[in-house]
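Let's walk through this one together, starting from the outside and working toward the side chains. Have the model open and follow along.

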Amino acid sequence: MRPSPRLLSGGSEPLDTKHGKFLGGWGNLGSQTQKGITTYSISANRQSPLAGTLNAAVFNTWRRFKAQALYVIPPFAIAYATMNWAIEKNEYYNSKEARIHDAEMAAEATPGGPVRA
């Protein structure tokens, strides 16, 4: 009897090389173990996972800030100067001096208004 695709697909069953099933479960592809791979580890009580974190954070933050400063600061400075100019102009336009100035300019522009010699 021919094995079904489910039987050939792998899973948690043991390998069945007689019927052509060569894949094992997850993480076990049925191949030979690899040679020449060395793993190293340190015991949990010898590790210091946060060693140098504060120092690295300060210098890394400064390095990243310095790299992006010329891209961020000039547009913000231009936007701030423009907004400051617009606020000052708006305050002037809504002041008493501006209204008097506009009234004088309107009187000069109308026919029959004051004539300069």
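About 11400 Å² of the chain is exposed, and carbon and sulfur atoms supply 61% of that area. Burial is the other side of the coin: of the 117 residues, 7% count as buried. Keep in mind that this is a predicted model, with an average pLDDT of 79 for the chain and 66% of the residues scoring at least 70.

What is the chain built from? Three helices and zero strands, so to speak an α-α-α run when you read from the N terminus on. Confidence isn't spread evenly over them: it is lowest in helix α1, residues 5-8, with a mean of 60, and highest in α2, with a mean of 94.

Now stay with α2, which covers residues 53-93. W62 sits in this helix, and F65 is there too, three residues along, or about one turn of the helix. Both residues also belong to a nonpolar surface patch of about 720 Å², together with Y71, V72, I73 and F76.

How many aromatic pairs does a search of the whole structure turn up? Two. One of them is W62 with F65, a tilted pair whose centres are 5.7 Å apart, with 35 degrees between the planes. Why does that count as tilted? Because the angle is neither under 30 degrees, which would be stacked, nor over 60, which would be edge-to-face. F65 isn't hidden away in this pairing: its relative accessible area is 47%, so it is partly exposed.

The other pair is Y92 with Y93, with 6.0 Å from centre to centre and 50 degrees between the planes, again tilted. And are these two tyrosines buried, exposed or partly exposed? Y92 has a relative accessible area of 37%, which makes it partly exposed, and Y93, at 48%, gets the label partly exposed as well.

From here, step on to S95, in the loop between α2 and α3, the helix that spans 96-109. What does the side chain of S95 reach? It goes to the backbone oxygen of Y92, at 2.6 Å. So Y92 turns up twice, with its ring paired to Y93 and its backbone oxygen reached by S95. As for S95 itself, its relative accessible area is 16%, and because the cut-off for buried is under 20%, S95 counts as buried. That sets S95 apart from Y92, which is partly exposed at 37%.

Note on methods
Residues are numbered from 1 along each chain as its sequence is written. This is a predicted model: local features need pLDDT of at least 70, side-chain atom pairs count only at pLDDT 80 or more; totals for chains, interfaces and linings use all residues. Side-chain values use heavy atoms; hydrogens and water are left out. Rings of Phe, Tyr and Trp (its six-membered ring) pair if their centres lie within 6.5 Å; planes under 30 degrees apart count as stacked, over 60 as edge-to-face and the rest as tilted. Helices (H or I, at least four residues) and strands (E, at least two) are DSSP runs, numbered from the N terminus. Buried means under 20% relative accessible area, exposed over 50%, partly exposed in between (1.4 Å probe, protein chains only). A polar contact is a pair of N or O atoms within 3.5 Å; within protein, one must be able to donate a hydrogen and the other to accept it, and residues adjacent in sequence count only if both atoms are side-chain atoms. pLDDT is the predictor's confidence in each residue, from 0 to 100. Accessible areas come from the Shrake-Rupley method with a 1.4 Å probe; for residues, only the protein chains shown count as cover. Patches are made of residues with over 30% relative accessible area and no salt bridge: like charges are joined within 9 Å, nonpolar side chains (Val, Leu, Ile, Met, Phe, Trp, Tyr) within 5 Å. A salt bridge is a side-chain nitrogen of Lys or Arg within 4 Å of a carboxyl oxygen of Asp or Glu.
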